[in-house]
Amino acid sequence: QVQLVESGGGLVQAGGSLRLSCAVSGTAFSTKAMGWYRQAPGKQRELVAGISSGRSTNYADSVKGRFTISRDNAKNTVYLQMNSLKPEDTAVYYCARGYGSSFVEHDIRYWGKGTLVTVSS
């Protein structure tokens with residue numbers, strides 16, 4: 001059974017930090033690209049960050065310089081370090097596993113169920 005389980009969400013004040021984790025089981029991890037997406041109330045899901053199996057990364061312009069995606073293949077876990085959080089970062093954050101080793105925004109094989117991040121002003 002494939003599972004992508006996010007954790008680390010919560011309530012934080014603007015300017016604060018959170019680290020999201022996504023533990024992956026039941027499927028390949030180290031050879032696959034991973035990504036983080038988010039969906040704010042009333043908006044479409046959008047890409048936050050992606051990481052290839054070789055650890056190449058890409059970010060949405062809105063989070064560049066504030067968020068960092070990383071992976072630990074020994075733990076089958078991908079992380080999203082979020083610093084200098086803003087109220088507009090409030091959303092449900094989803095972990096995703098790609099089909100291949102390179103990250104492609106719409107090439108997602110599996111999704112997690114999401115974790116809520118709320119940033120208060």
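Strand β1 gives the most to the lining of the largest pocket, with four residues. The model is predicted: local features need pLDDT of at least 70, side-chain atom pairs count only at pLDDT 80 or more, and totals for chains, interfaces and linings use all residues. Residues are numbered from 1 along each chain as its sequence is written, and side-chain values use heavy atoms, leaving out hydrogens and water.

**The largest pocket**
- A pocket is an open set of points on a 1 Å grid over the protein atoms alone, where a 1.4 Å probe fits, with protein on both sides within 12 Å along at least five of seven lines.
- Lining residues have an atom within 4 Å of a point.
- The volume of the largest pocket, the space filled by probe spheres set on the points, is about 160 Å³.
- Its lining is made up of Q1, V2, Q3, L4, V5, E6, Y110, W111, G112 and K113.
- Two or more of these residues come from each of β1 (3-7) and β10 (108-111); strands are DSSP runs of E, at least two residues, numbered from the N terminus.
- Five lining residues are nonpolar, three are polar and two are charged. Here Ala, Val, Leu, Ile, Met, Phe, Trp, Tyr, Cys and Pro count as nonpolar, Asp, Glu, Lys and Arg as charged, and the others, Gly among them, as polar.

**The disulfide**
- There is one disulfide, counted as a pair of cysteine sulfur atoms within 2.5 Å.
- C22 and C95 form this bond, S to S 2.1 Å.
- C22 sits in strand β3 (residues 18-25) and C95 in strand β9 (residues 91-98), so the pair ties together parts 73 residues apart in sequence.
- The S-S torsion of C22 and C95 is about -80°, so the disulfide is left-handed.
- C22 is buried (under 20% relative accessible area, 1.4 Å probe, protein chains only), at 0%.
- C95 is buried too, at 0%.

Technical notes:
Buried < 20%, exposed > 50% of the residue type's maximum accessible area, 1.4 Å probe, protein only.
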